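Morning, everyone. Please put the model up on the screen, and I will walk through it.

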Amino acid sequence: MPFRPSLLLCAAALAAAPALPAGQAANEVLASVQTRLANGRPLDDLGESLEQLDNREFKDLIADLDRAWPKLRDAYLQALEQAAGDNGGGSSDHRSRIRELRSDFMRVKGLGEGAMKAELKKVSKPALDELQRLLTPTADQLVAAGGDSLASLRKSAKGFAKFRDQALEAALSTTPSDSVSSLDQAEQKVLQEHSGLDRDGLRILEKNRKIAEDDEVPAEEAAGIEECNLWRLYLGLNACVLDPKLCDAARGHSQDMKEKGFFAHDSPVPGKSSPWDRAKLAGTTASAENIYSGGSDPKGANRGWFFSPGHHKNMFGSHRRIGLGHYGGRWTQMFGR
C-alpha cells in the first residue's frame, strides 16, 4: 500500500512529546509550531518569538523540538523514498524509453560531422535532458509528481529544520545547528539510491571527488569533469576516472594558449607540440583532446564541446580516464585509454 502521510502526523509528533515544565513563552512558541504544522502554514516568522525566551525556556523548547524532529524528518524522507520507488524505474515502458533515447543519441554521434550539426540541437540535447529526468529526477520533480501530501510534508520538514536551527543558534547551544544541511544530505542520499545510473559509475564519481580533494584539483575543473561523466552515465557509457596528471597537462596547455596568444592543438612550446607530448611530459598518456575559449564556467566549455561535432565525438568516445584544465578563460579537456 502506498505511503500517504499527512501534516497531522507532523503536528502529532510534536504534540506527543512529553510535556516539560516550560515557561509560558516557550509553551506559546510550541503551540504556534503545532498549529502551523497542522494547518500547513509556514514557520518562517516564528524565529522572532525566540527573543523572549530565557535560558530555561530555551532548554525546554529545544528538548521538545529534538523529540519531534526525527519523526518529522523521517516521515518526509519515507514519503520521498516511496515517490522515488514509484517513479517508474522498473517499468518496461520506462526502460524502453531509455533505450530509445540512448539509441537516438548514438545514431547522431555516428553521423558525419556535417550531418551532425543540426541533429545535436534537434535530437541529442533533448534526448540527454530527458534521460537526466528519467534517470536522476530531482527532489522538486518527485515532489511535484507525488501530490499535495508529499509537497506539504517537505514544506513542513524544511520549515521545521530551519526553525530548529534558529532555536539552537539563539540558545547558543552546543548542539550543531545542522538540521537544514543534514536534511538536504539525506534527501540527496535518497535520490542517489533510487537513481537509474550505473552503480560502478557512481562509485567512480565518488572516487573522483576524493582524487580531486587529495590532489587539490581546482573546483571548477572537478565540476566540469563530473558534469561530463554524468552525461556519459545518462547514455549508458562508463564514467572516466579523474587523472590529475591529465589535468596538469590540460591546464598547462590552457596557460600556454593564454600567455602565448594562440589557440590550437599544436603548440609552439618546445616539448609540448602535441597533446601526446604534453601528456607524456606530465607523466601520463592521452587519447583525445578538446580546447575551448570562453570564460571561467566549466558548463560553458562542456556545452561548447557538446554542440561541436568533432569535440562531441571525443566527449562520448571509448575512454577510461579524463582530465580538465582551465587558465584565463581557456579550457583544455583531455582523455586517456
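One cut-off before we start: buried means under 20% relative accessible area, exposed means over 50%, and partly exposed is in between. Also keep in mind that this is a predicted model.

Let me apply that cut-off straight away. Take Val108, in helix H4. Its relative accessibility is 0%, so Val108 counts as buried. What does Val108 touch, once neighbours within four places in sequence are set aside? The list is Met116, Glu119, Leu120, Val123 and Ser124. Now look along the chain from Val108 to Ala167. These two are 59 residues apart in sequence, and their C-alpha atoms are separated by 56 Å.

Next, the cores. The largest nonpolar core has 39 residues. Which of them touch the most other members? They are Leu128, Leu131, Trp231, Tyr234, Leu242, Phe306 and Phe316. Several elements give two or more residues to this core: helices H4 (92–109), H5 (113–135), H9, H10 and H13 (298–306), plus strands E3 (321–327) and E4 (330–336). H5 makes the largest contribution, with seven residues.

Zoom in on Leu128. Ignore anything within four places in sequence. Leu128 is then in contact with Phe105, Trp231, Tyr234, Leu235 and Phe306. There is also a second core, separate from that one, with 38 residues. Its members include Leu61, Ala139, Phe163 and Leu183.

Ala139 leads us to Arg154. Arg154 sits in helix H7. Is Arg154 buried or exposed? With a relative accessible area of 15%, Arg154 is buried, because the cut-off for buried is under 20%. Beyond four places in sequence, Arg154 is in contact with Ala139, as well as Tyr76, Asp140, Val143 and Glu187. Compare the chain with the space here. Arg154 and Leu72 are 82 residues apart in sequence, yet their C-alpha atoms are separated by 9.3 Å.

On to the pocket. The largest pocket holds about 390 Å³ of space. How many residues line it? The lining has 18 residues. Those nearest the centre are Thr136, Gln188, Leu191, Gln192 and Leu230. For anyone thinking about chemistry, the lining splits into eight nonpolar, six polar and four charged residues. Three helices each supply at least two lining residues: H8 (179–193), H9 (199–214) and H10 (219–234). Which one gives the largest share? That is H8, with four residues.

Now the cysteines. How many disulfides does the structure hold? Zero. Start with Cys228. Its nearest cysteine sulfur belongs to Cys240 and is 6.7 Å away. A disulfide needs the two sulfur atoms within 2.5 Å, so that pair does not qualify. Cys228 is buried, at 0% relative accessible area. Why is Cys247 not bonded either? The closest cysteine sulfur to that of Cys247 is in Cys240, and at 12 Å that is too far for a bond. Cys247 is buried too, with a relative accessible area of 0%.

Two loop residues deserve a look at their backbone. The first topic is Leu172, in the loop between H7 (148–170) and H8. Phi of Leu172 is near 55°, a positive value in a residue other than glycine. Leu172 has 74% relative accessibility, so it counts as exposed. Then there is Glu216, in the loop between H9 and H10. Phi of Glu216 is also near 55°, again positive in a residue that is not glycine. At 69% relative accessibility, Glu216 counts as exposed.

Last stop, Lys245. This residue is in helix H11, which covers residues 244–260. Where does Lys245 fall on the accessibility scale? At 42%, Lys245 counts as partly exposed, because that value lies between the 20% and 50% cut-offs. Leave out residues up to four places away, and Lys245 touches Ala282, Gly283 and Thr284. One more distance for Lys245. Its C-alpha and that of Arg278 are separated by 10.0 Å, with their positions 33 residues apart along the chain counted as the separation.

To recap: two separate nonpolar cores, of 39 residues and 38 residues. One largest pocket, with H8 giving the largest share of its lining. Zero disulfides. Over to you for comments.

Note on methods:
Residues numbered from 1 in each chain as written. Predicted model: local features only at pLDDT ≥ 70, side-chain atom pairs only at ≥ 80, totals over all residues. Heavy atoms only, no water. 1 Å grid on protein atoms, 1.4 Å probe; cavity = no way out; pocket = protein on both sides within 12 Å on 5 of 7 lines; lining within 4 Å. Points joined across faces, edges and corners; volume = space filled by probe spheres on them. Nonpolar A, V, L, I, M, F, W, Y, C, P; charged D, E, K, R; others polar. Core = buried A, V, L, I, M, F, W, Y, C linked by side-chain atoms within 4.5 Å. Buried < 20%, exposed > 50% of the residue type's maximum accessible area, 1.4 Å probe, protein only. Contact = heavy atoms within 4.5 Å.
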